[in-house]
Number of protein chains: 2
Amino acid sequence: MKFRYTKSVPKNNDNATAEILKAAANPKVISFGGGLPAPELFPVEEMKTAADKVFDKYGKVVLQYSEAIGYSKLRKQIIDLMKERKVEVKLDNVGIVTGSQQAIDLIARMLLNPGDVVITEDPTYLAAIDVFNSYGANIVGVSMDDDGMKTDDLEKLVKKYPEAKFIYTIPNFQNPTGRTMTEYRRKKLVKIAKDAEIPVVEDDPYGAIRYAGNYVPPLKHFDRDGGVIYLSSFSKILAPGLRMGWIVADKSFMNKFVMLKQNADLHTDNLTQYIVSQFLIDVDIKKHIKDITHVYEHRANLMVKQIDKYFPQNVNHSNPEGGMFIWVEVPGVGDTNELFKACIRNNVAFVPGSSFFAGDIKPGTFRLNFSNMNDDQIKEGIKRMGKSIAEILSDNKY
Amino acid sequence: MKFRYTKSVPKNNDNATAEILKAAANPKVISFGGGLPAPELFPVEEMKTAADKVFDKYGKVVLQYSEAIGYSKLRKQIIDLMKERKVEVKLDNVGIVTGSQQAIDLIARMLLNPGDVVITEDPTYLAAIDVFNSYGANIVGVSMDDDGMKTDDLEKLVKKYPEAKFIYTIPNFQNPTGRTMTEYRRKKLVKIAKDAEIPVVEDDPYGAIRYAGNYVPPLKHFDRDGGVIYLSSFSKILAPGLRMGWIVADKSFMNKFVMLKQNADLHTDNLTQYIVSQFLIDVDIKKHIKDITHVYEHRANLMVKQIDKYFPQNVNHSNPEGGMFIWVEVPGVGDTNELFKACIRNNVAFVPGSSFFAGDIKPGTFRLNFSNMNDDQIKEGIKRMGKSIAEILSDNKY
């Protein structure tokens with residue numbers, strides 16, 4: 001049977017992410033590739049206890065069908081989490097999603113017709129690019145510096161594309177760059193968007209994991225007209241395997257969102273919603289996040305130290321204040337897919353920069369994840385990368 | 001902020017399903033509305049044991065990110081389940097989805113452009129209609145009789161719409177009619193579809209729950225060119241709250257499907273995949289399905305007996321051989337949404353036929369679910385419905 005696919009279906013069978021994960025799955029390979037949390041920090045025993053309680057107390061309820069918008073008790077707990085993030089919301093504004101990835105997909109479906117413009121940081125989260133492309137969007141990137149998205153450039157782009165459907169941004173410890181948007185720029189972004197009547201999708205999976213610098217409130221904190229749709233997740237502060245995220249939005253938007261969410265999977269796994277809710281009752285999540293943050297701080301600092309030791313002197317790298325990623329630019333390297341191959345030969349992996357650019361690829365760039373590898377692996381892995389970079393630079397000379 | 005939505009977003013805020021569930025949520029109401037399994041049959045203790053084993057054996061693995069196509073061990077177990085359903089498949093053909101609802105949504109996205117024809121039984125599953133409508137499809141219904149979709153009519157429709165994108169069918173204990181397609185018609189449907197080069201989406205959530213008549217193999221059993229995409233689920237044979245379904249399809253189709261699945265939610269909840277897999281090792285699922293089937297048989301027979309006693313003599317109703325639904329047609333009632341209101345006043349609920357027709361609504365029709373209520377509720381509820389029908393028929397006389 002020859003299937004006649006829509007344009008939503010990628011023509012080729014390239015699945016860059018899957019390929020990278022596959023290459024990195026070789027146990028010999030030290031992988032700075034995937035955006036994986038440190039599994040040794042997963043609270044397995046506490047989750048098991050929570051699950052036992054849920055089966056004992058709510059066994060028949062959690063195994064039954066449930067509401068598309070999500071378990072109300074968990075949504076109330078998210079209201080509290082949001083309060084700590086300086087965002088005041090009501091129950092109607094909060095919905096549970098099957099990972100915040102699902103929210104990105106459904107929002108794109110709600111707002112993007114083929115050819116519509118979506119504005120993102122350049123570079124940005126690769127699976128958001130995949131989603132926007134699958135809806136036929138025209139992704140327009142805004143350049144960044146150490147203070148995050150350049151809002152002066154954004155202002156120009158919004159004038160050029162007044163019909164842009166939304167601005168997608170990861171203000172905290174951005175994926176892939178690890179950079180954080182300043183408060184000044186956040187306020188400015190919200191104002192630009194409001195004036196142009198363009199919604200903002202604020203993706204904040206990493207915000208809670210800050211180990212340096214000062215807390216900056218989310219864009220949603222500065223939102224006065226409901227134009228900011230805020231996404232977050234338990235993936236980085238608890239466990240990604242659960243596929244448990246949330247959306248905070250204007251009530252009228254939520255009503256529409258929930259209808260598409262119901263079409264997409266009826267509702268998110270009810271059992272896991274209850275387990276996470278019980279976990280939040282039993283365990284001090286702030287303490288748990290502090291433990292994660294402490295380990296990631298150590299790993300980030302170690303990785304930076306190793307980069308400074310083993311990479312060429314002229315490399316640029318970001319200095320994240322939290323999250324899981326460092327962005328590196330090595331002058332003279334060119335296509336980092338070539339560097340990737342050299343690294344795989346030396347049993348170390350990362351994600352080439354090309355995956356994160358919707359348009360022009362900045363040469364010599366790549367993303368390093370520091371959360372998923374231990375000290376010895378970081379030391380040895382960055383050393384191997386240094387060796388691979390030297391090989392590539394030496395090849396490129398001829 | 002005024003959001004500029006795509007046509008995927010329903011213009012009105014009607015959510016028939018949600019309204020019905022809400023009305024039925026009143027504890028005074030006896031509800032034959034939702035397609036809910038009997039919660040007293042959920043194997044809570046066995047699931048708890050499975051969860052404990054999973055946390056002990058695979059705690060760190062199940063909490064981590066995983067593959068979009070699903071947990072390979074669970075997929076192997078599904079190969080065995082499929083073998084019992086007389087379908088031989090390989091690992092590459094099997095994917096895990098967040099409920100088979102997700103597969104319906106993603107397949108529609110892969111195949112339906114606005115205006116494209118999709119052929120379904122008339123009436124059909126309401127959440128499939130919602131999905132197809134959200135992609136702007138032109139849903140063309142094929143009439144049914146007690147032997148399922150009329151394949152002679154299908155043949156004519158396929159000639160009229162040679163560009164139809166797929167045929168969506170629920171051959172076993174169809175939702176909403178409870179009817180089952182004969183083996184003769186299954187073979188014929190597969191041949192018609194193959195000759196016309198139109199894929200078939202076979203949705204089979206209820207097939208394992210047969211309490212009368214003879215087993216009929218799925219359409220997929222008769223498929224020789226990979227044109228049949230088969231969907232099933234653990235919702236009815238285990239628990240729907242888990243949102244755990246599967247897709248069986250041609251390898252080339254699966255490759256594409258998995259890319260969109262990855263966009264949609266990265267992967268299905270890993271913890272629950274492992275729990276279901278462990279449950280299938282620990283518990284004899286065939287025995288468990290037999291227990292469910294036995295209870296449902298009793299309830300279906302009781303409901304039919306009560307219908308014959310309390311409904312007017314001239315009603316038509318289906319006589320399901322399995323599944324969860326009876327379809328009723330009461331001459332003279334007209335709009336069953338009016339009957340629904342009368343029933344709610346008498347504290348009993350069902351789903352009006354209008355929800356299941358994409359085109360013309362057959363008057364006086366509605367769906368009854370018999371799996372979710374106990375003997376006393378079925379006896380009392382059908383009695384209340386009989387009273388409500390009498391009220392409506394008496395009103396309609398004047």
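## The area between the chains

Put chain A and chain B together and about 7,500 Å² gets buried between them, with carbon and sulfur atoms giving 57% of that. Keep in mind that this is a predicted model. Why quote an area at all? The size of an interface is often given as the accessible area lost when the parts come together.

On the chain B side, B:Met1, B:Arg4 and B:Leu63 lose the most area to chain A, and together they make up 11% of what that side buries. If you would rather count residues, 86 from chain B are in contact with 86 from chain A.

## Charges and polar pairs

Side chains of opposite charge can pair when their charged atoms come close. Across the interface of chain B and chain A there are 6 salt bridges, while a search of the whole structure, over all chains, turns up 46.

Here is a pair to look for: A:Asp56 and B:Lys48, whose closest N and O atoms sit 2.9 Å apart. This salt bridge crosses between chains, with A:Asp56 in helix H2 (residues 44-62) of chain A and B:Lys48 in helix H2 of chain B. Polar contacts join in too: 40 residue pairs make them between chain B and chain A, counting pairs with both residues at pLDDT 80 or more.

## What chain B brings to the interface

Several helices of chain B supply at least two residues each to the side that touches chain A: H2 (44-62), H4 (100-111), H5 (126-134), H9 (251-265) and H10 (270-282). Which one gives the largest share? That is H2(B), with 11 residues.

Sort the residues on this side of chain B by type and you get 37 nonpolar, 27 polar and 22 charged.

## A sheet inside chain A

Now zoom in on chain A, where 7 strands form an open sheet with mixed pairing, in the order E2-E10-E9-E8-E7-E3-E4. Strands E2 (94-97) and E4 (138-142) of chain A stand at the edges with a single partner strand each, so one side of each has no neighbour in the sheet. On average, and ignoring direction, neighbouring strands are turned by 20° against each other.

Let's look at one of those edges. E2(A) runs antiparallel to strand E10 (residues 245-248) of chain A, and 4 bridges join the two. Here A:Ile96 stands opposite A:Trp246 in E10(A). Helix H3 (residues 72-84) of chain A lies across E2, E10 and strand E9 (228-233) of that chain, running at about 110° to E2(A).

Technical notes: Residues are numbered from 1 along each chain as its sequence is written. Chains are lettered from A and ligands numbered from 1 in the order in which they are written. This is a predicted model: local features need pLDDT of at least 70, side-chain atom pairs count only at pLDDT 80 or more; totals for chains, interfaces and linings use all residues. Side-chain values use heavy atoms; hydrogens and water are left out. Contact means heavy atoms within 4.5 Å. Buried area is the accessible area (1.4 Å probe) that two parts lose on being put together, summed over both. A salt bridge is a side-chain nitrogen of Lys or Arg within 4 Å of a carboxyl oxygen of Asp or Glu. A polar contact is a pair of N or O atoms within 3.5 Å; within protein, one must be able to donate a hydrogen and the other to accept it, and residues adjacent in sequence count only if both atoms are side-chain atoms. Ala, Val, Leu, Ile, Met, Phe, Trp, Tyr, Cys and Pro count as nonpolar, Asp, Glu, Lys and Arg as charged, and the others, Gly among them, as polar. Two strands pair if DSSP finds at least two bridges between them. Axes are lines fitted to C-alpha atoms, for helices over the stretch in contact, and angles run from 0 to 180 degrees between N-to-C directions.
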